[in-house]
Amino acid sequence: MELVDLYDENRLPLGWTAERDARKGPGEYRLVVHVCVFDRRGRLLIQQRARSKFIFPNLWDVSVGGGVDAGETSRQGAEREFREELGVPLDLSGLRPSVTVNFDGGFDDFYLLIRDLSLKDLTLQQEEVQDVRWASLEEVLDLLARENFIPYPESFLRFLFDMRTQFGFPTK
């Protein structure tokens with residue numbers, strides 16, 4: 001049983017937890033994180049979700065994503081998810097999310113990084129990820145059009161690609 005901290009609509013902690021997938025009460029929100037890794041050529045590292053996933057099995061997604069566990073900060077959750085799903089340590093010290101998206105159940109923090117990772121150095125968490133590859137914006141939009149990518153709005157995916165070089169995103 002995975003527990004998550006609950007927040008109010010202003011993202012202030014409510015002081016209690018709930019099961020990750022349990023229905024939340026009115027005014028209760030949870031925290032989710034995504035990490036989008038771009039290489040210096042402008043391609044996004046994308047992952048194909050495992051066939052066994054309950055939500056969006058077999059679909060492609062941004063580099064890493066998952067729920068923040070109870071007691072973790074957004075940054076700690078992003079670092080943990082990155083390490084678990086790709087087998088690579090990530091240090092986001094001093095960084096804030098590049099974008100936060102509100103969704104019905106909570107807040108979704110997106111961290112955008114530029115880093116040239118070698119696919120052969122990744123160790124995929126088989127329960128979560130079945131494949132990874134680098135993809136251009138055009139390739140991501142093609143996957144989206146063929147319903148092989150998680151159904152983000154096309155404009156949001158374009159926004160992520162546009163934002164990758166803005167505001168001094170980290171390249172460490």
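Where does E147 lie? E147 sits in the loop between α2 and α3. This is a predicted model. The briefing below covers the α2/α3 packing, two buried strands, two residues with positive phi, and one glutamate of helix α1.

**Helices α2 and α3**

- Two packed helices are described by the angle between their axes and the distance between the axes.
- Helix α2 spans residues 137-145, and helix α3 spans residues 154-163.
- Their packing angle is about 160 degrees, and the axes lie 11 Å apart.
- Angles over 145 degrees count as roughly antiparallel, so α2 and α3 are roughly antiparallel to each other.
- The crossing of α2 and α3 is right-handed.
- From α2, the contact draws on L137, V140, L141 and L144.
- From α3, E154, L157, R158 and F161 take part.
- By class, the residues of this contact are 6 nonpolar, no polar and 2 charged.

**Positive phi: E147 and F56**

- Most residues other than glycine have a negative phi.
- E147 has a positive phi, near 60 degrees, and is not a glycine.
- E147 counts as exposed, because its relative accessibility is 65% and the exposed class begins over 50%.
- F56 also has a positive phi, about 55 degrees, and is not a glycine.
- F56 lies in the loop between β4 and β5.
- Is F56 buried, partly exposed or exposed? F56 counts as partly exposed, because its relative accessibility is 33%.

**Strand β8 and its partners**

- Strand β8 covers residues 106-114 and is mostly covered, with 9 of its 9 residues buried.
- Strand β3 (residues 30-38) runs parallel to β8, and 9 bridges join the two.
- In that pairing, L31 has F107 of β8 as its bridge partner.
- Strand β7 (residues 99-103) runs antiparallel to β8, with 5 bridges between them.
- Here N102 stands opposite F107 in β8.
- F107 therefore appears in both pairings: as the bridge partner of L31 and opposite N102.
- The link from β7 to β8 is a hairpin through 2 residues.

**Strand β4 and its partners**

- How many residues of strand β4 are buried? The count is 6 of the 6 (residues 44-49), so β4 is largely enclosed by the rest of the structure.
- L44, I46 and Q48 point one way from β4, while L45, Q47 and R49 point the other way.
- Both sets of residues are buried.
- β4 pairs with strand β9 (residues 129-135) through 6 bridges, running antiparallel.
- In this pairing, R49 stands opposite V129 of β9.
- β4 also pairs with strand β5 (residues 60-61), again antiparallel, through 2 bridges.
- There, Q47 stands opposite D61 of β5.

**E79 in helix α1**

- E79 belongs to helix α1, residues 74-86.
- E79 is buried, because its relative accessible area is 16% and the buried class lies under 20%.
- Which residues does E79 contact, leaving aside its neighbours within four places in sequence? The contacts are L90, D91, L92 and S93.
- E79 and E19 are 60 residues apart in sequence, and their C-alpha atoms are 21 Å apart in space.

Note on methods: Residues numbered from 1 in each chain as written. Predicted model: local features only at pLDDT ≥ 70, side-chain atom pairs only at ≥ 80, totals over all residues. Heavy atoms only, no water. Axes fitted to C-alpha atoms, helices over the stretch in contact; angles between N-to-C directions. Helix = DSSP H or I, 4+ residues; strand = E, 2+ residues; numbered from the N terminus. Parallel < 35°, antiparallel > 145°, perpendicular 65-115°, else oblique. Left-handed = near helix turned anticlockwise from the far one by under 90°. Contact = heavy atoms within 4.5 Å. Nonpolar A, V, L, I, M, F, W, Y, C, P; charged D, E, K, R; others polar. Buried < 20%, exposed > 50% of the residue type's maximum accessible area, 1.4 Å probe, protein only. Pairing = 2+ DSSP bridges.
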